[in-house]
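Biologist: I've got a fresh structure up on the screen and a few things I'd like to ask about it. Can you walk me through them?

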Amino acid sequence: MHYRPEIDGLRAVAVIPVLLFHAGFGFISGGFAGVDVFFVISGFLITSLIHQEIRSGAFSIVAFYERRARRLAPALLFVCTVSIPFALMWMLPKELNEFGKSLYAANLFAANFFFWDQTNYFTPDTDLMPLLHTWSLAVEEQFYIVFPLLLLSLRRLSEATGLRVVVAATVLSFGATQLVARIDPAANFYLLPSRFWELGLGAAVALSGVANREFSRFVRECFAWGGLFLIAASYLSITDTHHYPGWATVPVVAGTALVLAFARGDTLIGRCLSARPLVAIGLCSYSLYLWHQPVFAFARLRTSDGVTPAGYAGLIVLCFGLAYLSWRYVEGPFRNRARLGRKAIFATVAAVGSITVATGLVLDGSDGLASRNVDLARLTKPSVGLGKDCNAVIDLKCSTSSEPVIAVWGDSFARHLVDGILASEPDARLVQLTNNNCGPLAGLAPIKAKFEPAWPQECIEHNKEVQRFLLAHKSIRYVVLSSPLSQYLEEETMLLDGKGVVPSGTRTVTGSYRASLAWLRQNGFWPVVVAPPPQDGRDTGLCVARARLLGTSAGDCGAPLANVQSHDRDVLSVLADIAGDYPVVSFTGYLCGAGRCRTEDRGVALFEDHGHFSDEGSRRLGAALRFYQAFAEAAEHGCAAESGEHQAPARGLCNLTDNAPQASADASGTLPARINTRSARAE
């Protein structure tokens, strides 16, 4: 295949939007689609090369993988190696542990599987993952494993038949996106089966030979311009990422195929893409892509107050400089067969790759070298209550007594109260009835994309089992319920027992929560709802820990009260409704004051992550606020403020203080209004 400089220019058109998107420039909301452009280009070039060699009888699997090793491995290994010391300096143990996993996954062609299991590509936490972008390399590497074998198996068939097989596989892959996106959006985004169609379309263009056919200049100009327009329009217009890739991906993929097929050097688009600046960027595009995510991620890790737009502009310039150096001094030498033979390239890649994999395994196996800084590791240690083995367990083995008096029912936001209750009353007769992500809502469960289809029904059955357990143990008097409710309100649908799948909404969630509370009262229990801690969605636990690591102030880690009210608007609405008839305990009065909420209490970091109390934080607050006594008092007597007398039945919003629950000043107002009372310390 002869060299086409316009394809290098197209690579530049692919990589620059990716950089701008990851730098947070909002005008290019679909910049991540540059990766789709790369996929189509890769499918086209690899297929052109393999098809030509198979037809001439010169194709060799060993030679093919040698070329892939020379092209991909040296720069990847170099970037991974350079990233290690920065990770050791600036990452917390939990982050370093995750970095270690991504390090060996990236070098075992499995990064997409790792990130599929770990995170949604579009969530804020991915900004701190230096090797997140290697998922796309893994997709290509897996394609390079299976596709040459497919072409070899088709070599005895006619070219038309081979093309039909590739087109059929491409159509099936696109069909898979329609199914997988609804079952597991993360799998749809990260895995090869739902990405194959993008590479497959590039392959189909190569096998069809359309790029070498003679069309009128006018036809080629029109299709080339149309292709470039579709690419640009995608960069500027894509906003829906939940079902990506899918129909929203078709324009950018089709546009790339059109440019590859029709933008030859004699067209205006071909000449524009062949301009020296674009070709130069295209030649360095692989190294540029490799460098940008680590540079951005480590900059974010190092700065406590975020990177400014001007800062990102400087980082992009740095990425270009690093890309040129690694292209010039790493990519170039390793591609030179005269300097490095086949055995040498395989041996070098295997040796360095083994070292990076081993380093990743060490970081993973040591929990991010937690032993080198025990204090930092302890800051974000999760509060697991009576033990990790007590998740989704309904049994007295998760109890401190054979005759428990207080039961804790809910998800992980109920679980993180257990350490605090026991810190306030070490002899508490407590049973833990918690199930991660499954709130204490009668007959209702969230439908979460990453969970098995059967999970929502399992959650509903879990809560029924909890009710049966409570009825069977007459010693239980108090029932503490808690959930952030976000897993219900942020999902598109929920499973409602007896009615099937229903849209998410505050009315349904409120009704289900009230049903649980009414059932408890009807059966002689005293329930109390504990509101989730005030948060604005940021990982405040990591923020405080990083401030300790870097020796900076953690003051900015706290959430502005206005942001809390905005972030938790629907949750607060549900709790405000419930507080009209049942007691709701809130931490806001204690943790928030002067328009801001604290993340530390007398030197103790309170949070593990975006909202869960850490092990140490739960115990600190439990002792300071006397969780056991406060919850029991609220369950029995409530906190309604119309009079100083106890209410029957117990109800109202209870703001915790150092001494006891405190009645809200306005029992008839909305919860966001109540949240604006003075802090407990001020009183």
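Biologist: Which residue in S7 is the bridge partner of Val-480?
Modeller: Keep in mind that this is a predicted model. S4 (residues 478–482) and S7 (residues 526–530) pair in the parallel sense, over 5 bridges. Within that pairing, the S7 partner of Val-480 is Val-528.

Biologist: And which residue stands opposite Val-480 of S4 on the S1 side?
Modeller: S1 and S4 run parallel too, again with 5 bridges. The residue that stands opposite Val-480 there is Val-408.

Biologist: How many residues of S4 are buried?
Modeller: Take the two faces in turn. On one side Tyr-478, Val-480 and Ser-482 are buried, and on the other Val-479 and Leu-481 are buried as well. With both faces covered, the count for S4 is 5 of 5.

Biologist: Moving to S2, which residues make up the side that does not hold Val-431 and Leu-433?
Modeller: S2 covers residues 430–434, and 5 of its 5 residues are buried. Val-431 and Leu-433 share one side. The other side, buried too, holds Leu-430, Gln-432 and Thr-434.

Biologist: What is the bridge partner of Gly-410 in S2?
Modeller: S1 (residues 406–410) and S2 pair in the parallel sense over 5 bridges. For Gly-410, the S2 residue is Thr-434.

Biologist: Let's switch to rings. Is the aromatic pair of Phe-451 and Trp-455 stacked or edge-to-face?
Modeller: The model has 39 aromatic pairs. In this one the centres are 4.9 Å apart and the planes make an angle of 65°. An angle over 60 degrees is the cut-off, so Phe-451 and Trp-455 count as edge-to-face.

Biologist: Which of the two, Phe-451 or Trp-455, is buried?
Modeller: Buried means under 20% relative accessible area. Phe-451 has 25%, so Phe-451 is partly exposed. The other ring comes in at 13%, so the buried one is Trp-455.

Biologist: What is the volume of the second largest cavity?
Modeller: There are 2 cavities of 30 Å³ or more in the structure. The lining of the second largest one consists of Phe-32, Val-35, Asp-36, Tyr-121, Trp-135, Phe-189, Arg-195 and Tyr-244. By class that is 6 nonpolar, no polar and 2 charged residues. Its volume is about 30 Å³.

Biologist: Which residues form one aromatic cluster with Phe-32 and Tyr-121?
Modeller: Phe-32 and Tyr-121 also help line the second largest cavity. Their partners in the cluster are Phe-21, Phe-39, Phe-122, Trp-135, Phe-189, Tyr-190 and Tyr-244.

Biologist: Now the second largest pocket: which element gives the largest share of its lining?
Modeller: The pocket holds about 990 Å³ of space. Elements giving two or more residues to the lining include H1 (5–22), H2 (34–56) and H3 (61–90). With 8 residues, the largest share comes from H2.

Biologist: How many charged residues are in that pocket's lining?
Modeller: The lining has 33 residues, and among those nearest the centre are Arg-11, Arg-68, Arg-71 and Arg-335. By class there are 17 nonpolar and 5 polar residues. The charged ones number 11.

Biologist: Over which ring does the charged end of Arg-68 sit?
Modeller: Arg-68 is one of the residues nearest the centre of the second largest pocket. Its charged end is 5.1 Å from the centre of a ring, and that ring belongs to Tyr-144.

Technical notes:
Residues numbered from 1 in each chain as written. Predicted model: local features only at pLDDT ≥ 70, side-chain atom pairs only at ≥ 80, totals over all residues. Heavy atoms only, no water. Phe/Tyr/Trp six-rings, centres within 6.5 Å; stacked < 30°, edge-to-face > 60°. Buried < 20%, exposed > 50% of the residue type's maximum accessible area, 1.4 Å probe, protein only. Lys NZ or Arg CZ within 6 Å of the ring centre and 35° of its normal. 1 Å grid on protein atoms, 1.4 Å probe; cavity = no way out; pocket = protein on both sides within 12 Å on 5 of 7 lines; lining within 4 Å. Points joined across faces, edges and corners; volume = space filled by probe spheres on them. Helix = DSSP H or I, 4+ residues; strand = E, 2+ residues; numbered from the N terminus. Nonpolar A, V, L, I, M, F, W, Y, C, P; charged D, E, K, R; others polar. Pairing = 2+ DSSP bridges.
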